[in-house]
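Visitor: I would like to learn how to read a model of this kind, going from one feature to the next. Could you take me through it, with the general idea placed before the particular case?

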Amino acid sequence: LQPCGWLACYVGTPLSRPEELRFRNLDGTAQVSGELLPDAGTVTVKVELTRLASAGAMVIVAFRGDVARRGERVCTFETVFGFFPEQALRDQPGLPLESTSGAAFSECAPEAAFSVDDLAPLLHGDGARLPSGRLRMLDRVTGLWREGGRHGLGRIRAERDVSADDWYFKAHFFQDPVQPGSLGMEAMAQALQVFLLLTVSDETRKTHRFEAIAKSPEPQVWKYRGQVLPEDPRITVALDISARGVDAHGPFVWAEGSLWVGDKRIYETPRLGMRLVPREPVESSLEVFDGASVVPAWRRKAGTGAWLGEDLMQAMLSRFVRRVQLRDPLALRPWVSRGAVFVANHQVGCESMLAAFVLGALFDGACLIPAKADHARGWIGRLLEIMKRTQPGHAFDLLRFVDRADPSSLLDFVAEARRALASGRPIFVHVEGTRALSARAAVQKLSSVFLDLAVDAEVPVIPFRFVGGLPREPARSRLEFPVGYGAQDYIVGHPILPAELRTLPLHERTARVLTALNALGGDAVGEAPSAPDEALAAAVQQRMSAGASEISAVWIEILLRARPLRLEGQQLQRWLADGVRPTRASALVDDVYRFLGT
């Protein structure tokens, strides 16, 4: 509702009195008819000043307004503000205490009391979650009654400790620090979310999300008659459930509630609603494509055209990437040209290059990937170098080789990563540095360096998990390709925004990202390898028995099986089938032929 303040200032209201005045919201109603989701685009707010009245030193102003996106109205509201001298605010008595007000504090022993952080085990996967970081407005629930309260439908009481260092005091308002009233309403809304989480099934928590605020023919209503200041120790919210059930949209609760500072009741709402709705539907927020579909999109982004390098990429992606899942494509969309820091587990050697191709098809810039220095002489480094020589630019400028024994090597990469993020280029990091041996291995370590990079560059951290590439029991050695030469799933999670990470202490920041990464695709303990390609495995084993390396054997066999190939690829495929080195070929074909070691 900040436009109300701008309009009040524009018409000169604060200049109508000689003394300094403070601006405060008093009450309002809002009719919510839609949500603002990540793809909302431009949001238009129209405000009309409908009333102006004076009472002594005070000035009262009323407004009517609406909020729209893409020409569609999502909210209409009417609200009243006042300009007050400081003394009038200090003397506010608060709202009157009704005969039932004290019941919020004197109810019989609650069924439950707990820290809000204790709810973390309930908030798994992609289901309903409480706000975190700066928007977490509750610390603990001091009372929960599923059947108590004024209407016998339930009651919840919760608290939040106030600190003079809270972020909003620095901005709301200038030289007049006060908690925004909307955050008090947010605290009540979060209490309703907690109540819902604890009164619905585990399956519903997994498959539903919270609606921004319950849409209904009836309006949301609020009234403020006090303020939360930096010196206040804590706030308490108490809500009596007035209606609960399940409608065509999902489980809902409506409540009447109050917010208290000490023994003063300063906010109230006779009607506030919250609802869980299906993830609209799950399929629409989950985009899935296979590895073969990456190449056309990648070609458009990289501008490479048809060439042998594309055939090589297609052969690998078609063989070893079963599907790519974008858990929330709408949330990824704002970052396509602004970069991100992708943090991933590490199963097999080839996945780094393939993930870079996948993300190159999705993002405007090619990924920058740190790798161990000894990989520069390995097969991935050699192959990318061949491609980069033929197609200069960012398209294949992917790997940066970091010597772990040399601190300056990591510092050089961090400096380059900062420049890359500043230019909108994403970073992709295997957070534990080395490949796991078992599918059951969850990621345990995460350097804060990469999280700091994201926060400083104002870009999100995006979890990225590889699934299906490892056996359940530990392999004898680290694998270059998925076990049994099967195909992995690549899962791209929800962006974790820099605003959230910035507010978290270091240990909570890393824990937040690790939890999100390990939760993608289900618990690692239950992960199984993908189905093996028995024919390919037998052919590779036969070539290795004849003296070929695994890398050469795999590449020859996947290229022989690749369809369709372009002219250079067809030449290479024919020569591989004949087992005869070409005497006349393009430089790239000759480089690849020598790379295969035939």
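Guide: Let us begin with the packing of a helix, keeping in mind that this is a predicted model. One asks which elements the buried residues of the helix touch, and in this structure the buried residues of α12 pack against β15 (341–344), α11, β18, β19 (461–467), α13 (498–502) and α14 (506–519).

Visitor: Which are the buried residues of α12?

Guide: They are F450, L451, L453, A454 and V455.

Visitor: What caps the N-terminal end of α12, and what phi does E458 take just after α12?

Guide: At the N-terminal end the cap is S447, with a side-chain oxygen that lies 3.2 Å from the backbone nitrogen of V449. Just after the helix, E458 takes a positive phi of about 60°.

Visitor: How should I read the second largest pocket, and which elements give two or more residues to its lining?

Guide: One may start from the volume and then turn to the lining. The second largest pocket has a volume of about 630 Å³, and of the 31 residues that line it, the closest to its centre are P370, A371, K372, R404 and G433. The elements that give two or more residues to this lining are α9 (351–362), β16 (369–372), α10 (379–390), β17 (399–402), α11 (407–422), β18 (427–430) and α12 (448–457), and the largest share, 4 residues, comes from β16. By character, the lining residues divide into 16 nonpolar, 8 polar and 7 charged.

Visitor: How many bridges join β10 to β7 and to β11?

Guide: In a regular strand the side chains alternate between the two faces of the sheet. As for the pairing here, 7 bridges join β7 (residues 155–161) to β10 (residues 234–246), and these strands run antiparallel, with I156 opposite L239 in β10. A further pairing, also antiparallel, joins β10 to β11 (residues 251–261) through 10 bridges, and there G245 stands opposite F252 in β11. β10 and β11 form a hairpin with 4 residues between them, and G250 in the turn has a positive phi of about 150°.

Visitor: Finally, is E211 buried or exposed, and which side chain does its own side chain contact?

Guide: E211, whose place is in the loop between β8 (208–210) and β9 (220–224), has a relative accessible area of 4%, so this residue is buried. Its side chain makes a polar contact with the side chain of R275, at 2.8 Å. Leaving aside residues up to four places away in sequence, E211 touches E35, M274, R275 and V277.

Conventions
Residues numbered from 1 in each chain as written. Predicted model: local features only at pLDDT ≥ 70, side-chain atom pairs only at ≥ 80, totals over all residues. Heavy atoms only, no water. 1 Å grid on protein atoms, 1.4 Å probe; cavity = no way out; pocket = protein on both sides within 12 Å on 5 of 7 lines; lining within 4 Å. Points joined across faces, edges and corners; volume = space filled by probe spheres on them. Nonpolar A, V, L, I, M, F, W, Y, C, P; charged D, E, K, R; others polar. Buried < 20%, exposed > 50% of the residue type's maximum accessible area, 1.4 Å probe, protein only. Contact = heavy atoms within 4.5 Å. Polar contact = N/O pair within 3.5 Å; in protein donor to acceptor, adjacent residues only side chain to side chain. Pairing = 2+ DSSP bridges.
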